[in-house]
Amino acid sequence: MRRQPKGQLKGSITEVVRDVIVEGDCIASLKALPDACVDLVFADPPYNMQLGGELTRPDQSVVDGVDDHWDKFDDFASYDAFTRAWLTEARRVLKPNGAIWVIGSYHNVFRLGAALQDLGFWILNDIVWRKTNPMPNFKGTRFTNAHETLIWAGRSKESKYTFNYDALKMLNDELQMRSDWTLPLCTGGERLKDAQGRKLHSTQKPEALLHRVVLATTKPGDLILDPFFGTGTTGAAAKRLGRHYLGLERDGDYVKGARARLKKVKPASVEDLEVTKSKKEEPRVPFGQVIEAGLIHPGAWLIGQNGKRARVRADGSLVLGEATGSIHRIGAMACDAPSCNGWTFWSLETKTGPTSIDLFRRDIRRQMAMSAGA
């Protein structure tokens, strides 16, 4: 893969934007990118924390807080101007069906949200990242700040964004993934250190957080742009999950640390990148196709979850008393409901017991997949 020299992007999109870190100002670098060239933006911008002096613990030791030069702005107006400038370019480089994630704290997330809406993004969710190991409130004058907020937004209201719902449900032990995520801060061996053993970046995010974001809202092969790349957490998660990254970062020490980190990341195999897919994405199989394939014969009896029985006809319809219709219509009639998923309601009566007819649909889909791959 071709390396991009320091400075802003130059040349064609196909030559420079995949799996590289561009060292330089993020807004200038964004402006050098073509329109509609990335699938997702993940942005961890300066929080503008407005810290007033040192923060000390009860033993008077100094807390290593966020006092970096890149987090300091003259006032809210200058911060808002910076925010709108980079968000405007981020929206321009997103594909029509692209999306963006931004993360912030109470210092800036409300300003980020307003800017997103003003610029035409469509907010999909806000996620509360609840930290299992937050920094205590040493002065005891406020609640302990134990969370940060992520905003997920489509490029526009019309964007057909990626959301791997069933994969997230599987990640969460087959329960719907909620909008509150409990994850620890980045600590231990994951935290990058400088030559003196101090943390290299004051706000390095845990890779577990980016793993969830990338898995949820991108597909293998997608390009993820991070305009505040820092020590490369977005790139590490992207590489590990078979996505591409483009990192923009102006601090040379962060760039050096990120490049060394990314060299050590091993991507998963293509087979291991497969995730649980939504049934909505699977090809439609009419019940009549199961009859045509000889998996269920005309005259066979189906039994419903409530014990009611219906006979199968040659065209895939069912007979229940005087009524005839599809597996769904007769299923709804059998259970006295306005609608019914016949595939999960009916089972085939056999000598060894009932067999869900959905298993036959799976056989058909498996054959279709094998035929498509042949």
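Here are some notes on how the helices and strands of this predicted model fit together.

1. **α6, a well-covered helix.** Let's start with α6, which spans residues 207-217. Nine of its eleven residues are buried, so the rest of the structure largely encloses this helix. The buried set is E207, L209, L210, R212, V213, V214, L215, A216 and T217. Note that E207 and R212 are on that list too, so don't expect purely greasy residues when you click through the buried ones.

2. **α6 against α7.** Which way do these two helices lie? The axes of α6 and α7 come within 9 Å and cross at roughly 55°, and the pair is therefore oblique. The crossing is right-handed. On the α6 side, the residues in the contact are E207, L210, H211 and V214; on the α7 side they are T233, T234, A236, A237 and R240. By class, that contact has four nonpolar, three polar and two charged residues. E207, L210 and V214 turn up both in this contact and among the buried residues of α6.

3. **A pattern worth spotting on α6.** Why might contact residues on a helix be spaced as they are? An α-helix has 3.6 residues a turn, so residues three or four places apart point the same way. With that in mind, look again at E207, L210, H211 and V214, the α6 residues that meet α7.

4. **α7 against α8.** Next, follow α7 (residues 233-240) over to α8 (residues 252-263): their axes come within 9 Å and cross at roughly 15°. That angle makes α7 roughly parallel to α8. The crossing is right-handed. From α7, the contact uses T233, G235, A236 and K239; from α8 it uses R261, L262 and K263. Sorted by class, there are two nonpolar, two polar and three charged residues here. T233 and A236 of α7 touch α8, and T233 and A236 also appear in the contact with α6.

5. **α3 against α4.** Another helix pair to look at is α3 (residues 76-93) with α4 (residues 109-118), whose axes come within 10 Å and cross at roughly 45°. These two are therefore oblique to each other, and their crossing is right-handed. In α3, look for F76, Y79, D80, T83, R84, W86 and L87; their counterparts in α4 are R111, L112, A115, L116 and D118. The contact residues divide into seven nonpolar, one polar and four charged.

6. **β5 and its two partners.** Strand β5 covers residues 147-154, and seven of its eight residues are buried. Which strands does β5 pair with? One is β3 (residues 94-104), antiparallel over six bridges; another is β4 (residues 122-131), antiparallel over eight bridges. If you want landmarks, A99 has G154 of β5 as its bridge partner, while N125 is bridged to W152 of β5.

7. **The six-stranded sheet.** Further along the chain there is an open sheet with antiparallel pairing, in the order β12-β11-β10-β9-β13-β14. Which strands stand at the edges? They are β12 (323-325) and β14 (355-356); each has a single partner strand, so one side of each lacks a neighbour in the sheet. Inside the order, β10 (residues 309-312) and β11 (residues 318-320) pair in the antiparallel sense over two bridges. V312 stands opposite L318 of β11 there.

8. **A helix across that sheet.** α10 lies across β10, β11, β12 and β13 (346-348). Relative to β12, α10 runs at about 140°. So α10 touches the edge strand β12 as well as β10 and β11, the pair described just above.

9. **Two aspartates with positive phi.** Finally, two loop residues for anyone checking backbone angles. D19 has a positive phi of about 60° although it isn't a glycine, and sits in the loop between α1 (13-16) and β1 (20-23). D336, also not a glycine, has a positive phi of about 50° and belongs to the loop between α10 (327-334) and α11 (342-345). Is D336 buried or exposed? D336 is exposed, with a relative accessible area of 74%.

Terms used
Residues are numbered from 1 along each chain as its sequence is written. This is a predicted model: local features need pLDDT of at least 70, side-chain atom pairs count only at pLDDT 80 or more; totals for chains, interfaces and linings use all residues. Side-chain values use heavy atoms; hydrogens and water are left out. Axes are lines fitted to C-alpha atoms, for helices over the stretch in contact, and angles run from 0 to 180 degrees between N-to-C directions. Helices (H or I, at least four residues) and strands (E, at least two) are DSSP runs, numbered from the N terminus. Angles under 35 degrees count as roughly parallel, over 145 as roughly antiparallel, 65 to 115 as roughly perpendicular and the rest as oblique. A crossing is left-handed if the near helix is turned anticlockwise from the far one by less than a right angle, and right-handed if clockwise. Contact means heavy atoms within 4.5 Å. Ala, Val, Leu, Ile, Met, Phe, Trp, Tyr, Cys and Pro count as nonpolar, Asp, Glu, Lys and Arg as charged, and the others, Gly among them, as polar. Buried means under 20% relative accessible area, exposed over 50%, partly exposed in between (1.4 Å probe, protein chains only). Two strands pair if DSSP finds at least two bridges between them.
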